[in-house]
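This briefing sets out selected features of the structure shown below. The points are grouped by topic for reading alongside the model.

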Amino acid sequence: LEDQAKRAGLGRVTRHAHRREGFDAARLSAELKAAGAGVVFFLGGGAQAAALLRAATFDGWTPHVLALGLFTAADLPAAVTPAFKDRVFVAFPTVPSDVTAEGMAEFRALHAKHKFAARHTASQLAAFAAAKTFVEALKRAGQDLSRERLIAALEGLYDFETGVAPRLTFGPNRRVGAAGAYVVTVDPEKKEYAPAGGWVKADGN
């Protein structure tokens, strides 16, 4: 984050470490407000992010807050007040529209067959997408399997549809199938996530 901020010319970046236990949102809000922080990249958990937003609202301080959906998804929307409208943005690796009817049907059939616990659905769908990608690469590599043939098969995947994630593309110089994220905001009235744009590539292009 510090390197990217410097490249983008965002000015001075300071780091504030905190612990999950004993997180003092009021103190952190007061410190950041006094420092004149206009943007906060929050990398903590959802409960901590929500506490910081509530403290900032109390302090009358409304910076732009950027967070990761994997950490904050469940707790953040309820803490966003009207003062933070269009000021909170969250990055998600996938959104519900990535999940097709066929993909979900296949996932549910797998669940019914193996009867694994129905929890942490987002993580289970990510694992399902990874498994489908691996199986596809094995098929393309053929019976005479080797590490080299498997890598070559993976590098040949282009716009591969798993049905539960963004389309995946690999290559000799591309080891992340979906390099980017969806950026969403929070509707403070409905207390739910709302689109803020489409898929954003990690390289900015």
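The notes that follow concern nonpolar cores, aromatic pairs, a surface patch and individual residues. The model is predicted. Its largest nonpolar core has 23 residues, and a second, separate core has seven. Five aromatic pairs are counted.

**Nonpolar cores**

- Within the 23-residue core, the members that touch the most other members are Leu53, Phe84 and Val88.
- At least two residues of this core come from each of α2 (25-34), β1, α3 (46-59), β3 (88-92) and β4 (180-187).
- Helix α3 gives the largest share, six residues.
- Leaving aside residues up to four places away in sequence, Leu53 is in contact with Val65, Leu76, Ala79, Val80, Phe84 and Val88.
- The second core, separate from the one above, includes Met104, Leu125, Val164 and Ala165 among its seven residues.
- In soluble globular proteins, nonpolar side chains tend to be buried together.

**Aromatic pairs**

- Phe23 and Phe42 form an edge-to-face pair, with 6.2 Å between centres and 70° between the planes.
- Because Phe23 lies in the loop between α1 (2-7) and α2 while Phe42 belongs to strand β1, this pair ties together parts that are 19 residues apart in sequence.
- Phe23 and Phe42 are both buried.
- The ring centres of Phe107 and Phe128 are 5.6 Å apart and their planes stand at 65°, so this pair is edge-to-face.
- Phe107 is in helix α5 (residues 101-114) and Phe128 in helix α6 (residues 121-141), so the pair ties together parts that are 21 residues apart in sequence.
- Phe107 is buried at 7% relative accessibility, and Phe128 is buried at 8%.
- Phe107 and Phe128 form one aromatic cluster with Phe116.

**Nonpolar surface patch**

- Leu1, Leu10, Val39, Phe41, Leu43, Leu68, Leu70 and Phe71 make a nonpolar surface patch of about 800 Å².
- Two elements, β1 (39-42) and α4 (69-72), give two or more residues to the patch.
- Leu68, a patch member, is located in strand β2 (residues 64-68).
- Leu68 counts as partly exposed because its relative accessible area of 36% falls between the limits of 20% and 50%.

**Individual residues**

- Gln48 is part of helix α3 and is buried, with a relative accessibility of 13%.
- Apart from residues up to four places away in sequence, Gln48 touches Arg20, Phe23 and Phe42; the latter two form the edge-to-face pair described above.
- Ala78 sits in the loop between α4 and β3 and is exposed, at 60% relative accessibility.
- Although 111 residues separate Ala78 and Glu189 in sequence, their C-alpha atoms are 9.5 Å apart in space.

Methods:
Residues numbered from 1 in each chain as written. Predicted model: local features only at pLDDT ≥ 70, side-chain atom pairs only at ≥ 80, totals over all residues. Heavy atoms only, no water. Patch = residues over 30% accessible without salt bridge, like charges linked within 9 Å, V, L, I, M, F, W, Y side chains within 5 Å. Areas by Shrake-Rupley, 256 points an atom, 1.4 Å probe, with all protein chains shown as cover. Salt bridge = Lys/Arg side-chain N within 4 Å of Asp/Glu carboxyl O. Helix = DSSP H or I, 4+ residues; strand = E, 2+ residues; numbered from the N terminus. Buried < 20%, exposed > 50% of the residue type's maximum accessible area, 1.4 Å probe, protein only. Core = buried A, V, L, I, M, F, W, Y, C linked by side-chain atoms within 4.5 Å. Contact = heavy atoms within 4.5 Å. Phe/Tyr/Trp six-rings, centres within 6.5 Å; stacked < 30°, edge-to-face > 60°.
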